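Hello,

Here is the structure I said I would pass on. My notes on it follow below.

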Amino acid sequence: TMFASNYLSLFTDLGSYQQTKGTNSAINGRLNANYHLRLGRHTVLANLGTSFQKTSSNGTTVIVNGIPNDFLGEMGLANGFNYRNTKPRTINNLTKSLSNFFSLSYNFDDRYTVEATVNQSGSSQFGSNSRFAPFYAGGVAWNIANEKFFKPNNIISAVKLRASIGITGNQNFSSDMAQQIYNYNYFNNYRFMVGTSVGNYANPD
């Protein structure tokens, strides 16, 4: 009897239902200008361009209690909220990035190639003191297949040696990682004014 009584008292809180809704959007753009010059055995290729991107996302998650079986699949059928342990969650992200690049390539007689690239990328995810970061790359190539001493055969039809070096990076981290973040704290209040605590310290660099 005691077991049944306890079970019935908890019946209204059995089961939970979580629902998340949100939207995502992205805007991308790219502009390029190419230049090609061939004089005899000399070939020059140049590429100048810029690209930009803006992404935004937002979402809301709500959890309700009191859904004792899987057949009750609507939030309106729940018994209520457990505001002491769970609360609605919202998220909003907005990122912007801009990249400018220039590349130059020189080829001699379709055998020897030298390339260089410069890129300056900026992002709202970077610190306020380092909104833009430079990236460089360079490389050389030797097309052995176009040399007179190379004789194609059934096993090897083309041979090309390449070497390159450069600096790369990414922005695969939270959009607010470099910003100072405060969390509302209901336990630290003053005359019913909601207090805050530091959740993340700013990193301007």
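**Notes on Ser99 and its surroundings**

Ser99 is part of strand E3, which covers residues 89-108. Please keep in mind that the model is predicted.

Is Ser99 buried or exposed? Its relative accessibility is 12%, and since the cut-off for buried is under 20%, Ser99 counts as buried. Leaving aside residues up to four places away in sequence, Ser99 touches Gly49, Thr50, Ser51, Asn119, Gln120 and Ser121. With Ser121 there is also a polar contact, side chain to side chain, at 3.2 Å.

**The sheet**

Strand E3 belongs to an open sheet of six strands, ordered E1-E2-E3-E4-E5-E6 and paired in the antiparallel sense. The edges are taken by strand E1 (16-39) and strand E6 (160-166). Each of these has a single partner strand, so one side of each has no neighbour in the sheet. On average, neighbouring strands of this sheet are turned by 15° against each other, with direction ignored.

One pairing in detail: strand E4 (residues 112-123) runs antiparallel to strand E5 (residues 132-143), and 11 bridges join the two. Gly122 has Phe132 of E5 opposite it.

**The chain as a whole**

The secondary structure consists of one helix and eight strands. Along the sequence the pattern reads α-β-β-β-β-β-β-β-β, so you will meet the helix before the strands.

The chain has 205 residues, of which 20% count as buried. Its exposed area is about 15800 Å², and 57% of that comes from carbon and sulfur atoms. Among contacts in the chain with a separation of 6 or more, 56% are between residues 24 or more positions apart.

**Confidence**

The mean pLDDT of the chain is 82, with 87% of the residues at 70 or more. Where in the chain is confidence lowest, and where is it highest? The lowest is in helix H1 (residues 2-10), with a mean of 48, and the highest is in E6, at 94. Over residues 1-5 the pLDDT stays under 50, and the model has zero contacts beyond four places in sequence for this stretch. Predicted coordinates should not be read in detail where pLDDT is low.

That is what I have on this one.

Regards

Definitions and conventions. Residues are numbered from 1 along each chain as its sequence is written. This is a predicted model: local features need pLDDT of at least 70, side-chain atom pairs count only at pLDDT 80 or more; totals for chains, interfaces and linings use all residues. Side-chain values use heavy atoms; hydrogens and water are left out. Helices (H or I, at least four residues) and strands (E, at least two) are DSSP runs, numbered from the N terminus. Buried means under 20% relative accessible area, exposed over 50%, partly exposed in between (1.4 Å probe, protein chains only). A polar contact is a pair of N or O atoms within 3.5 Å; within protein, one must be able to donate a hydrogen and the other to accept it, and residues adjacent in sequence count only if both atoms are side-chain atoms. Contact means heavy atoms within 4.5 Å. Accessible areas come from the Shrake-Rupley method with a 1.4 Å probe; for residues, only the protein chains shown count as cover. Two strands pair if DSSP finds at least two bridges between them. Axes are lines fitted to C-alpha atoms, for helices over the stretch in contact, and angles run from 0 to 180 degrees between N-to-C directions. pLDDT is the predictor's confidence in each residue, from 0 to 100.
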